[in-house]
Amino acid sequence: MPAGSGDRIPYAAVMFTYLWKPLLRRAVVGRSATVRMRRGASPPFPQDMHRPGLYLHIPFCRRPCPFCPYNRTVYDRDSYSLYERAVHEEIDLVASQLASREAGSLYIGGGTPTVQMDGLLRLMDHIRRNFTLTGDTCIELHPSHMDDRCLQSLREANVTQVSIGVQSATDHLLERIGRAHSAATGLDAAKRAAQFGFDSVNTDLMFALPSQTIDEWDADLRQVLDRDVDQISAYPIFSFPYTVLGRSKGLSRVPPAPGRKVREMLDRADLRAGEYGLKRCAVWSWARPDAKRFSSVTRHHYIGFGPSAGSMTGRHFYVNTFDVQEYAASLPKRRPVALVMPVDRRMEMAYWLYWRLYELRAKGGDFAATFGPEASLEATFGTLLRPFQWLGWLNRINGDYRVTNSGAYWIHRLQNDFSLGYINRLWGKCREEAWPDEVIL
Ligand SMILES: C[S@@+](CC[C@H](N)C(=O)[O-])C[C@H]1O[C@@H](n2cnc3c(N)ncnc32)[C@H](O)[C@@H]1O
Ligand code: SF4
């Protein structure tokens, strides 16, 4: 952080509180207009889409956690069969509409993807038969559903990166948030995964949990880092106190953490990760410098399969219906797209910038490689980014922007606020109605 920028934080806080929403909206759409997603026909795939990432959503858990906003339901064999049949059909349908079957990566999330191993392996196999995967296959794992046989099968199925939801290494906190496993189970899962030869093992931790002290958080960090993992991702627990999601899912029982506590805990994560040789690689993540980075959110274009999966084609952003029965009923005839939003070039550029800043670095050269040699990061976003340089949140070096540690905290705040509003409006509505007419984001 440049000298003196600490003094500007109160001003920064005020500016951020009042201005980030209009600024973000302006950055996204180039004007202060309302952003909506509407019900409409499934958008066509652009002919020039280059190696999109693939996403597969598996919306089942054995014992759903009360704090979790993701689209998931209690596992039962019949619903899973219905779901599985429909995903196979969706994969066939989408593949038949694409100009190219090359895909950059596959990410499998949930829910609990390994809740039914046979089904998962069949789905992965089906994706591989339909697409040529040129990059990583990544999967989210739940500590209670990843015995050694499961890990071995994933290795044999060419999974290269795994992320384990350890959440906390403190039993009373796991109990408090309604998590169904012990600290020992989570830590053992991380240790076992690290021995299976994946290219990267990430562990998810949540912090700023109700009543959690800084010493408890410190102990959590050390215990996980002691398990030899390649990466840790630390998320402050987000809650939805006054929202549709909060009311419908009991999430309001988790009180929001004060900003100062979140910052202190993030700083502690930075300190401890550094002591174990991990470097910050994203706003919420630290990784070994020699390991591949595990990331769920940073592919530029992607196509999602499964209920609630999102897709970004560069021309449209759309989400599938959240409802498993409705999802299955629409296939194999129609793609199960619930809401669509057209994306213009400016919006796509802003989307690119948002995720590059999340990864702490936006390179002018990458911008031109993505949007064409005439596209300039500085000309497009320089004016918008200059105040953040002045505040000490960004440094500009040789045409690239780098996020400082102080900036990482504020981007985290922005993402947290953004997530609360965005997730609540979009996911809240889509949970209530299988085919909503419109959602104003
Ligand atoms: C889809 S879940 C993980 C997969 C797996 N089902 C599990 O629970 O271990 C992805 C991650 O989101 C994070 N997460 C879920 N709900 C959260 C919340 N309310 N606040 C912050 N992080 C949350 C957790 O760290 C979790 O590991
Ligand atoms: S955190 Fe994981 S196990 Fe818990 S409900 Fe969400 S997806 Fe399921």
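This report describes two ligand sites, a helix pair and a small sheet in a predicted model.

## Surroundings of ligand 1

The shell around ligand 1 holds 16 residues, of which Glu 140, His 142, Gly 165, Asp 204 and Tyr 235 come nearest. Three strands each supply at least two residues of this shell: strand 6 (105-110), strand 9 (161-167) and strand 10 (200-207). By class, 8 residues around ligand 1 are nonpolar, 6 are polar and 2 are charged.

## Surroundings of ligand 2

Ligand 2 is surrounded by Cys 61, Pro 64, Cys 65, Cys 68, Tyr 70, Arg 72, Gly 110, Gly 111, Thr 112, His 142 and Gly 165. This shell comprises 5 nonpolar, 5 polar and 1 charged residues.

His 142 and Gly 165 are listed around ligand 2, and both are also among the residues that come nearest to ligand 1.

## Helices 2 and 3

Helix 2 (residues 77-97) and helix 3 (residues 117-130) have axes that come within 10 Å and cross at roughly 5 degrees. Because angles under 35 degrees count as roughly parallel, helix 2 is roughly parallel to helix 3.

Helix 2 contributes Tyr 80, Glu 84, Val 87, His 88, Ile 91, Asp 92 and Ala 95 to the contact, while helix 3 contributes Gly 119, Leu 123, His 126, Ile 127 and Asn 130. The contact contains 6 nonpolar, 4 polar and 2 charged residues.

## A sheet of three strands

An open sheet of 3 strands runs in the order 18-20-19 with antiparallel pairing. Strand 18 (361-362) and strand 19 (394-397) form the edges, each pairing on one side only.

Strand 20 (residues 400-403) pairs with strand 18 in the antiparallel sense over 2 bridges. Tyr 401 in strand 20 is the bridge partner of Ala 362.

Note on methods:
Residues are numbered from 1 along each chain as its sequence is written. Chains are lettered from A and ligands numbered from 1 in the order in which they are written. This is a predicted model: local features need pLDDT of at least 70, side-chain atom pairs count only at pLDDT 80 or more; totals for chains, interfaces and linings use all residues. Two strands pair if DSSP finds at least two bridges between them. Helices (H or I, at least four residues) and strands (E, at least two) are DSSP runs, numbered from the N terminus. A residue is near a molecule or strand if its C-beta atom, placed from the backbone, lies within 6 Å of it. Ala, Val, Leu, Ile, Met, Phe, Trp, Tyr, Cys and Pro count as nonpolar, Asp, Glu, Lys and Arg as charged, and the others, Gly among them, as polar. Axes are lines fitted to C-alpha atoms, for helices over the stretch in contact, and angles run from 0 to 180 degrees between N-to-C directions. Angles under 35 degrees count as roughly parallel, over 145 as roughly antiparallel, 65 to 115 as roughly perpendicular and the rest as oblique. Two residues are in contact if their C-beta atoms, placed from the backbone, lie within 7 Å.
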